[in-house]
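Visitor: I would like to go through this structure with you and ask, for each label, what stands behind it.
Guide: Gladly; let us put the structure up and begin with its surface.

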Amino acid sequence: MRLSSKVLFTELVDESELEKYNGIRSILDNLSVFGAPMLGTLVYGVFGFSSVILILAILYVLAAVVIAFIPLESKNGGNDQIGKSTKN
């Protein structure tokens, strides 16, 4: 997670504002690293194991829907030739 947020963050923020927002990104990354296990433990303790499985299933479906709508652009003008070989 941390590497992907670092790469994504540098793509979204201008270089002039990068130093300003690096601290905010670091705080949010650290909160997610420490907060997620605590929140998971709280949900498990209060609602039980079946609710954890239900939440994970919903998040898995949500992630699949988001991934399905990511626009893919070809960098070489649509001339992708994957696995093509010339045989005579």
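Visitor: What supplies the area that the protein chain exposes?
Guide: In this predicted model, the protein chain exposes about 8300 Å², and carbon and sulfur atoms supply 67% of that area. Of the 88 residues, 8% count as buried, a label that requires a relative accessible area under 20%.

Visitor: How many helices and strands does the protein chain have, and what pattern does it follow along the sequence?
Guide: There are three helices and zero strands, and the pattern read along the sequence is therefore written α-α-α, since helices are DSSP runs numbered from the N terminus.

Visitor: How do you know which element has the highest mean pLDDT and which the lowest?
Guide: Helix H1, residues 2–12, has the lowest mean among the elements, at 62, while H3 has the highest, at 94. The protein chain as a whole averages a pLDDT of 79, and 72% of the residues score at least 70.

Visitor: Why is H3 said to lie largely in the open?
Guide: Of the 20 residues of H3, the number buried is one, so H3 lies largely in the open. Helix H3 covers residues 49–68 and reaches 29 Å from its first C-alpha to its last, which is close to the 28 Å expected at 1.5 Å a residue.

Visitor: What makes the contact of Arg-25 and Asp-29 a salt bridge?
Guide: The label requires a side-chain nitrogen of Lys or Arg within 4 Å of a carboxyl oxygen of Asp or Glu; the N to O distance between the side chains of Arg-25 and Asp-29 is 2.9 Å, so the pair qualifies. A search of the whole structure finds one salt bridge. Both residues lie in helix H2, four residues apart, about one turn of the helix.

Visitor: Why are Arg-25 and Asp-29 called buried?
Guide: The cut-off is under 20% relative accessible area; Arg-25 is at 13% and therefore counts as buried, and Asp-29, at 7%, counts as buried too.

Visitor: Why is Ile-24 called partly exposed?
Guide: Ile-24, which has its place in helix H2, residues 18–47, has a relative accessible area of 45%, and because partly exposed covers the range between buried, under 20%, and exposed, over 50%, the label follows. Ile-24 also belongs to a nonpolar patch on the surface with Ile-27, Leu-28 and Leu-31, with about 410 Å² of accessible area together.

Visitor: What makes the aromatic pair edge-to-face?
Guide: The structure holds one aromatic pair. Tyr-44 and Phe-49 form this pair, 6.5 Å centre to centre and with 85 degrees between the planes; because planes over 60 degrees apart count as edge-to-face, the label applies. Tyr-44, at 49% relative accessibility, counts as partly exposed, whereas Phe-49, at 55%, counts as exposed because the cut-off is over 50%.

Definitions and conventions
Residues are numbered from 1 along each chain as its sequence is written. This is a predicted model: local features need pLDDT of at least 70, side-chain atom pairs count only at pLDDT 80 or more; totals for chains, interfaces and linings use all residues. Side-chain values use heavy atoms; hydrogens and water are left out. Patches are made of residues with over 30% relative accessible area and no salt bridge: like charges are joined within 9 Å, nonpolar side chains (Val, Leu, Ile, Met, Phe, Trp, Tyr) within 5 Å. Accessible areas come from the Shrake-Rupley method with a 1.4 Å probe; for residues, only the protein chains shown count as cover. Helices (H or I, at least four residues) and strands (E, at least two) are DSSP runs, numbered from the N terminus. Buried means under 20% relative accessible area, exposed over 50%, partly exposed in between (1.4 Å probe, protein chains only). The expected span of a helix is 1.5 Å times one less than its number of residues. pLDDT is the predictor's confidence in each residue, from 0 to 100. Rings of Phe, Tyr and Trp (its six-membered ring) pair if their centres lie within 6.5 Å; planes under 30 degrees apart count as stacked, over 60 as edge-to-face and the rest as tilted.
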